[in-house]
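Colleague: I'm new to reading protein structures. Could you walk me through one, feature by feature?

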Amino acid sequence: MLSRRLIAVVAAALVAAAVSLLFDRGGGSGGGGPFVRVVRVVDGDTIRVSVDGREQPVRMLGIDTPETHRPGVAIECGGPEASRSMEALAPPGTRVSLERDPRQDRVDRYGRLRRRRSRGRRGCR
(Lines give C-alpha, C1' and ligand atoms only; values in the text may rest on other atoms or scores of the structure.)
Protein backbone atom coordinates (compact mmCIF):
# COMPACT_ATOMS: atom_id res chain seq x y z
CA MET A 1 0.00 0.00 0.00
CA LEU A 2 2.76 2.43 0.92
CA SER A 3 4.68 1.72 -2.27
CA ARG A 4 1.61 2.49 -4.42
CA ARG A 5 1.11 5.76 -2.62
CA LEU A 6 4.79 6.63 -3.04
CA ILE A 7 4.66 5.83 -6.76
CA ALA A 8 1.55 8.01 -7.12
CA VAL A 9 3.19 10.93 -5.29
CA VAL A 10 6.39 10.66 -7.35
CA ALA A 11 4.39 10.43 -10.60
CA ALA A 12 2.33 13.51 -9.66
CA ALA A 13 5.50 15.43 -8.81
CA LEU A 14 7.07 14.51 -12.15
CA VAL A 15 3.98 15.61 -14.07
CA ALA A 16 3.85 18.90 -12.15
CA ALA A 17 7.54 19.51 -12.84
CA ALA A 18 7.12 18.75 -16.56
CA VAL A 19 4.15 21.09 -16.89
CA SER A 20 6.00 23.73 -14.90
CA LEU A 21 8.84 23.55 -17.41
CA LEU A 22 6.34 24.03 -20.24
CA PHE A 23 5.19 27.26 -18.60
CA ASP A 24 8.76 28.46 -18.23
CA ARG A 25 9.42 28.36 -21.99
CA GLY A 26 8.14 31.92 -22.26
CA GLY A 27 10.63 33.25 -19.73
CA GLY A 28 10.24 34.37 -16.16
CA SER A 29 10.00 38.12 -16.45
CA GLY A 30 8.77 40.90 -18.64
CA GLY A 31 7.56 39.17 -21.77
CA GLY A 32 5.15 36.77 -20.15
CA GLY A 33 4.69 33.10 -20.76
CA PRO A 34 2.88 31.17 -23.45
CA PHE A 35 -0.86 31.61 -23.89
CA VAL A 36 -2.99 28.92 -22.30
CA ARG A 37 -6.77 28.45 -22.36
CA VAL A 38 -8.88 28.65 -19.21
CA VAL A 39 -10.85 25.42 -18.77
CA ARG A 40 -12.72 26.43 -15.62
CA VAL A 41 -12.55 28.50 -12.46
CA VAL A 42 -12.08 26.45 -9.29
CA ASP A 43 -12.45 29.33 -6.83
CA GLY A 44 -11.42 32.95 -6.41
CA ASP A 45 -7.69 32.31 -6.67
CA THR A 46 -7.40 29.03 -8.61
CA ILE A 47 -8.13 28.23 -12.25
CA ARG A 48 -7.64 25.16 -14.41
CA VAL A 49 -5.98 25.71 -17.78
CA SER A 50 -5.23 23.58 -20.82
CA VAL A 51 -1.51 23.19 -21.57
CA ASP A 52 -0.68 21.17 -24.68
CA GLY A 53 -3.99 19.30 -24.34
CA ARG A 54 -3.59 18.58 -20.61
CA GLU A 55 -5.59 20.22 -17.84
CA GLN A 56 -3.50 21.76 -15.05
CA PRO A 57 -4.49 23.68 -11.89
CA VAL A 58 -2.96 27.13 -11.42
CA ARG A 59 -2.86 29.06 -8.14
CA MET A 60 -2.83 32.73 -9.06
CA LEU A 61 -0.11 34.70 -7.26
CA GLY A 62 -1.07 37.99 -5.66
CA ILE A 63 -4.66 36.87 -5.08
CA ASP A 64 -5.82 35.39 -1.77
CA THR A 65 -9.53 34.72 -1.41
CA PRO A 66 -11.72 32.95 1.15
CA GLU A 67 -11.86 29.17 0.83
CA THR A 68 -14.71 27.36 -0.90
CA HIS A 69 -13.26 23.90 -1.64
CA ARG A 70 -10.96 22.92 1.23
CA PRO A 71 -11.97 19.51 2.61
CA GLY A 72 -13.18 19.68 6.18
CA VAL A 73 -13.51 23.47 6.14
CA ALA A 74 -16.82 25.30 5.81
CA ILE A 75 -17.25 27.70 2.91
CA GLU A 76 -15.81 30.98 4.14
CA CYS A 77 -17.62 34.30 4.00
CA GLY A 78 -16.98 35.99 0.65
CA GLY A 79 -15.72 32.83 -1.04
CA PRO A 80 -18.60 32.38 -3.48
CA GLU A 81 -18.42 36.06 -4.45
CA ALA A 82 -14.68 35.76 -5.07
CA SER A 83 -15.32 32.73 -7.29
CA ARG A 84 -17.88 34.68 -9.32
CA SER A 85 -15.42 37.55 -9.71
CA MET A 86 -12.76 35.20 -11.07
CA GLU A 87 -15.35 33.66 -13.42
CA ALA A 88 -16.07 37.17 -14.77
CA LEU A 89 -12.34 37.89 -15.21
CA ALA A 90 -11.40 34.53 -16.74
CA PRO A 91 -14.42 32.70 -18.16
CA PRO A 92 -13.85 29.27 -19.73
CA GLY A 93 -12.27 29.61 -23.16
CA THR A 94 -10.33 32.77 -22.32
CA ARG A 95 -6.71 32.73 -23.46
CA VAL A 96 -4.35 34.05 -20.80
CA SER A 97 -0.62 34.52 -20.64
CA LEU A 98 0.82 33.37 -17.32
CA GLU A 99 4.30 33.86 -15.98
CA ARG A 100 6.29 32.37 -13.17
CA ASP A 101 7.73 34.50 -10.39
CA PRO A 102 11.30 33.23 -9.94
CA ARG A 103 11.15 34.25 -6.26
CA GLN A 104 8.23 31.87 -5.61
CA ASP A 105 8.02 28.07 -5.60
CA ARG A 106 6.97 26.69 -8.99
CA VAL A 107 4.33 24.38 -7.50
CA ASP A 108 2.42 24.60 -4.21
CA ARG A 109 1.83 21.77 -1.74
CA TYR A 110 -1.38 20.79 -3.57
CA GLY A 111 0.38 20.33 -6.93
CA ARG A 112 -0.94 23.57 -8.42
CA LEU A 113 1.34 25.68 -10.56
CA ARG A 114 1.98 29.10 -9.02
CA ARG A 115 1.66 31.78 -11.69
CA ARG A 116 0.50 35.33 -12.24
CA ARG A 117 -1.16 36.83 -15.27
CA SER A 118 1.33 38.70 -17.39
CA ARG A 119 1.19 42.46 -17.34
CA GLY A 120 0.34 44.58 -20.32
CA ARG A 121 -2.04 44.19 -23.21
CA ARG A 122 -0.77 40.71 -24.09
CA GLY A 123 -2.04 39.23 -20.82
CA CYS A 124 -5.56 38.28 -21.95
CA ARG A 125 -7.24 37.56 -25.28
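Colleague: Let me start with one residue: is L113 buried or exposed?

Modeller: A word on the source before I answer. This is a predicted model, where local features need pLDDT of at least 70 and side-chain atom pairs count only at pLDDT 80 or more, while totals for chains, interfaces and linings use all residues. Residues are numbered from 1 along each chain as its sequence is written, and side-chain values use heavy atoms, with hydrogens and water left out.

Modeller: Now the idea: buried means under 20% relative accessible area, exposed means over 50%, and partly exposed is in between (1.4 Å probe, protein chains only). L113 has a relative accessible area of 0%, so it counts as buried. You'll find L113 in strand β5, residues 113-117. The C-alpha atoms of L113 and P57 are 6.3 Å apart, although 56 residues separate the two along the chain.

Colleague: And how much of the protein chain counts as buried?

Modeller: That's 35% of its 125 residues.

Colleague: How many helices and strands are there?

Modeller: Helices (H or I, at least four residues) and strands (E, at least two) are DSSP runs, numbered from the N terminus. This chain has 2 helices and 5 strands. Read from the N terminus, the order is α-β-β-β-α-β-β.

Colleague: Which strands pair with β1?

Modeller: Two strands pair if DSSP finds at least two bridges between them. Strand β1 (residues 35-43) pairs with β2 (residues 46-51) in the antiparallel sense, over 5 bridges. Those two form a hairpin with 2 residues between them, and D43 stands opposite T46 in β2. β1 also pairs with β4 (residues 95-99), again antiparallel, over 3 bridges. Over there, R37 stands opposite R95.

Colleague: What is the phi of D52?

Modeller: First the background: most residues other than glycine have a negative phi. D52 has a phi near 50°, a positive value in a residue other than glycine. Look for D52 in the loop between β2 and β3 (54-60). With 58% relative accessibility, D52 counts as exposed.

Colleague: Back to the whole chain: what share of contacts joins residues at least 24 apart?

Modeller: A contact means heavy atoms within 4.5 Å. Taking contacts between residues at least 6 apart in sequence, 57% join residues at least 24 apart.

Colleague: Last one: how many Å² does the protein chain expose?

Modeller: About 7,900 Å², with carbon and sulfur atoms supplying 55% of it. Accessible areas like this come from the Shrake-Rupley method with a 1.4 Å probe; for residues, only the protein chains shown count as cover.
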